[in-house]
Amino acid sequence: MNHMMIDLETFGVQHNCVVLSAGIVVFRDCAPFDASNILHKEYHKLSVSAQVEEGRVIEAGTLRWWLDPTRIGKIPLDGEILLGNLLRLISGVWEEFGCKRVWSHGATFDLMILQNAAGKRPLPWKYHDMRDTRTLYEVFKVTLPKNSHDALEDAVNQTVAVLKCWDILDCTY
């Protein structure tokens, strides 16, 4: 069984915020900590203006956070992908790799933002397919590298940490 890790960079923390970028990683089920068990990676920058036109929001506090001099050069602003197209791309990757679980770093952030964006359109996973990395890392006392706020780099780091947890378990998930 394959799994998908999704990380988003956004202009807010509410479920209707603008999505700046998305990192997607597909990895093998219960695989040992080995880079060959990462099967697929992709990164997408999204159109901010199209999302604002659709009514998605830019939160002032998050915008100020991104405008900090240590981060300002890292804001992924020049994207062209529409949010609806990102949802279709994610569904395509899910189907192509036969994914059965979707992971994110936190139970109520990335996946809930995607759910909000999908509206009444179905996402490829069901509620019982969603997994939270924060709980897993806490149980196994696994720490992540500092969050880079690069969606793909963070998704890869989160995937590696899940693989480390599975190594600890010596599992057959």
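The following dialogue discusses the sheet and helix 5 of a predicted model.

Modeller: In this predicted model, local features need pLDDT of at least 70, side-chain atom pairs count only at pLDDT 80 or more, and totals for chains, interfaces and linings use all residues. Residues are numbered from 1 along each chain as its sequence is written, and side-chain values use heavy atoms, with hydrogens and water left out.

Biologist: What makes strand 3 and strand 5 the edge strands?

Modeller: The open sheet has five strands in the order 3-2-1-4-5, with mixed pairing. Strand 3 (38–45) and strand 5 (130–132) each pair on one side only. Strands are DSSP runs of E, at least two residues long, numbered from the N terminus.

Biologist: Why are strand 2 and strand 3 called paired?

Modeller: Two strands pair if DSSP finds at least two bridges between them. Seven bridges join strand 2 (residues 19–28) to strand 3, so the definition is met. These two strands run antiparallel, and Ile-24 stands opposite Glu-42 in strand 3.

Biologist: Which residues of helix 5 are buried, and how do you know that they line one face?

Modeller: In helix 5 (residues 133–140; a DSSP run of H or I, at least four residues), Thr-133, Leu-136 and Tyr-137 are buried (under 20% relative accessible area, 1.4 Å probe, protein chains only). Their directions from the helix axis to the C-beta atoms fall within an arc of 95°, so these residues line one face.

Biologist: What does the face turned away from the buried side carry?

Modeller: That face of helix 5 carries Glu-138 and Val-139, which are exposed (over 50%).
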